[in-house]
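Reader: Could you take me through one part of this protein at close range? I'd like a single connected account rather than a list.

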Amino acid sequence: MNRSIVNDEEGFVFEQVVGTNRVAKVVKGGRHFSFNATVVIGDKKGTIGVGTGKANEVIPAINKAKEIAKKSTFKVPIRNGTIPHTITGKYCGSKVLLKPATPGTGVIAGGPVRVILKATGVENVLSKSLGSNTTNNLVKATIVALKSLRSHEEVAKLRNKSISELLS
């Protein structure tokens, strides 16, 4: 896995290739191979982006995936180094369960889910992968879960309560 932690012009400090695949298309003259890559970028402060690119070689596929990831960034609510509430993300046959954890727990996650959570800046979280463990589907299920998280402020506003009333 390729990992770089350098600050680029957009402010992303975490960039990692989650997976690459060789795919084949059978044509009249034989097989035509191409590659796809999935890249995760983040600033470790709650902003994350994921992209998938496809090209005839690995490096151009990674570069395409990086550009797509930069265009698809979004914010994740983080409170005290963890997520605000338990959430399940589903995509195709994959399910990802994310639970907030107490300080000192660390990121208990495997494979692509760990990469995404580290890029986001979550320090303490528990996760469980349910169903299919295909890399691309796990990545997308984790993104679905993170996009559907709500901060305590949003929930308090929806319920017409103060944050202290909500948390007590």
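Author: What follows is a close look at helix H2 and the parts of the protein around it.

Keep in mind that this is a predicted model. To get your bearings first, the protein has five helices and nine strands, and from the N terminus on they run β-β-β-β-α-β-β-β-β-α-β-α-α-α. The C-alpha atoms fill a box of roughly 70 × 35 × 30 Å along the principal axes. Of the 168 residues, 40% are buried. If you take the contacts between residues at least 6 apart in sequence, 52% of them join residues at least 24 apart.

Now to H2 itself, which covers residues 111–120. Is this helix enclosed or open? Seven of its ten residues are buried, so H2 is largely enclosed by the rest of the structure. The buried ones are Pro112, Val113, Val115, Ile116, Leu117, Ala119 and Thr120. As background, an α-helix has 3.6 residues a turn, so residues three or four places apart point the same way.

So what does H2 pack against? One partner is helix H3, residues 135–147. The two helices pack at an angle of about 40 degrees, and their axes are 9 Å apart. Angles from 35 up to 65 degrees fall in the oblique class, and H2 and H3 are therefore oblique to each other. The crossing in which H2 passes H3 is right-handed. On the H2 side, the contact is made by Pro112, Val113, Ile116, Leu117 and Thr120; H3 brings Thr135, Leu138, Val139, Thr142, Ile143 and Leu146. Sort the residues of this contact by character and you get eight nonpolar, three polar and no charged.

The other partner is a sheet. It is an open one of four strands, in the order S6-S7-S9-S8, with mixed pairing. Strands S6 (87–91) and S8 (107–108) are its edges, each pairing on one side only. H2 lies across S7, S8 and S9 (125–131), and runs at about 45 degrees to S7. H3 packs on the sheet as well, touching S6, S7 and S9, with its direction at about 135 degrees to that of S6.

It's worth pausing on the S6 edge. S6 and S7 (residues 94–100) pair in the antiparallel sense over five bridges. Strands of a sheet pair through backbone hydrogen bonds, either parallel or antiparallel. If you want to check the register by eye, Thr88 stands opposite Leu97 in S7, and Tyr91 stands opposite Ser94. The hairpin that joins S6 to S7 has two residues between the strands, and Cys92 there takes a positive phi near 50 degrees.

Back on H2, zoom in on Thr120, which lies in that helix and is also part of the contact with H3. Thr120 has 0% relative accessibility, under the 20% limit, so it counts as buried. What does Thr120 touch? Leaving out residues up to four places away in sequence, its contacts are Lys44, Lys45, Gly46, Thr47, Ile48, Val76, Ile78 and Leu146. Leu146 in that list is one of the H3 residues in the helix contact. Just after H2 comes Gly121, with a positive phi of about 105 degrees.

Two other spots are good for comparison. Ala69 sits in helix H1, residues 58–71. With 0% relative accessibility, Ala69 counts as buried. Apart from its neighbours within four places in sequence, Ala69 is in contact with Val39, Ile41, Gly49, Val50 and Gly51. Val26, by contrast, is 43 residues from Ala69 in sequence, with 29 Å between their C-alpha atoms.

The second spot lies beyond H3: Ser151 is in the loop between H3 and helix H4 (152–158). Is Ser151 buried or exposed? Its relative accessible area is 14%, so Ser151 is buried. Not counting residues up to four places away in sequence, Ser151 touches Pro77 and Pro84.

To pull the picture together, H2 lies across three strands of the open sheet and packs obliquely on H3, through a contact with no charged residues. Thr120, in H2, touches Leu146 and residues such as Lys44 and Val76.

Terms used
Residues are numbered from 1 along each chain as its sequence is written. This is a predicted model: local features need pLDDT of at least 70, side-chain atom pairs count only at pLDDT 80 or more; totals for chains, interfaces and linings use all residues. Side-chain values use heavy atoms; hydrogens and water are left out. Axes are lines fitted to C-alpha atoms, for helices over the stretch in contact, and angles run from 0 to 180 degrees between N-to-C directions. Angles under 35 degrees count as roughly parallel, over 145 as roughly antiparallel, 65 to 115 as roughly perpendicular and the rest as oblique. A crossing is left-handed if the near helix is turned anticlockwise from the far one by less than a right angle, and right-handed if clockwise. Contact means heavy atoms within 4.5 Å. Ala, Val, Leu, Ile, Met, Phe, Trp, Tyr, Cys and Pro count as nonpolar, Asp, Glu, Lys and Arg as charged, and the others, Gly among them, as polar. Two strands pair if DSSP finds at least two bridges between them. Buried means under 20% relative accessible area, exposed over 50%, partly exposed in between (1.4 Å probe, protein chains only).
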